[in-house]
Amino acid sequence: MNRLTSEEAKAADAAHEDVLQNFREAAEAHRQTRQYIREWVKPGMSMIEICEELEKTSRALIKERGMEAGLAFPTGCSLNHVAAHYTPNAGDPTVLKYDDVCKIDFGTHVNGRIIDCAFTLHFNPKYDNLVAAVQAATETGIREAGIDVRLCDVGAAIQETMES
């Protein structure tokens, strides 16, 4: 038995569509920013320069508007042994080098609907296998995740992929 009237059901569907549209808008700005930054970043750039360009591009594409749309959190720009969540401060002299592995993590939002994604940049081909292994492990984690799946089982599958 349906407890919603036809008008209530239509209103619920419309509200759901608004949420999906918010996610779509944030995701498209994120996708375009990610694509641009992947091509733009080169060795010799400072980490702060990279973050500032990413944030400037992201703000323009999301059409930043106060609390309604913008950056979801500070950009993470981590090098080498730093796994995640490092954000350079103004004046940080760190420069991206040819032999560095750089992880960039940023998010966009529209009405609080957050799109968050991280990606890895490297320039030296000696890291190709490492980056491919991480990509395969990520895909394994996504494939293994689901309802009633234990996190330890997802983690074990990811570890097996990384170590193989």
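Student: What relative accessible area does Glu 17 have?
Tutor: Glu 17 counts as partly exposed, a label for anything between buried (under 20% relative accessible area) and exposed (over 50%), using a 1.4 Å probe and protein chains only. Keep in mind that this is a predicted model: local features need pLDDT of at least 70, side-chain atom pairs count only at pLDDT 80 or more, and totals for chains, interfaces and linings use all residues. Residues are numbered from 1 along each chain as its sequence is written, and side-chain values use heavy atoms, leaving out hydrogens and water. For Glu 17, the value is 39%.

Student: Which side chain meets Glu 17 in a salt bridge?
Tutor: Look for a side-chain nitrogen of Lys or Arg within 4 Å of a carboxyl oxygen of Asp or Glu. Here the N to O distance is 2.9 Å. The partner is partly exposed at 43% relative accessibility. It's Arg 24.

Student: Where do Glu 28 and Arg 31 lie?
Tutor: These two form a salt bridge, with their closest N and O atoms 2.6 Å apart. Glu 28 is partly exposed at 34%, and so is Arg 31 at 35%. They sit three residues apart, about one turn, in a helix (a DSSP run of H or I, at least four residues, numbered from the N terminus). That helix covers residues 6-40 and is H1.

Student: Arg 59 forms a salt bridge with Glu 55; how far apart are the closest N and O atoms?
Tutor: Both belong to helix H2 and are four residues apart, so about one helical turn separates them. Arg 59 is partly exposed at 34%, while Glu 55 is buried at 17%. Their closest N and O atoms are apart by 4.0 Å.

Student: Which element gives the most to the largest nonpolar core?
Tutor: A nonpolar core joins buried Ala, Val, Leu, Ile, Met, Phe, Trp, Tyr and Cys residues through side-chain atoms within 4.5 Å. This one has 15 residues, and Met 47, Ile 50 and Cys 77 are among those touching the most other members. The elements giving two or more residues are H2 (47-62) and the strands S2, S3 and S4. With four residues, the top contributor is H2.

Student: Which residue in S3 does Cys 77 stand opposite?
Tutor: Cys 77 is in strand S2 (residues 76-79), pointing one way with Leu 79 while Gly 76 and Ser 78 point the other, and all are buried. S2 runs antiparallel to S3 (residues 101-110), with four bridges joining them. In S3, Cys 77 faces Ile 104.

Notes
Pairing = 2+ DSSP bridges.
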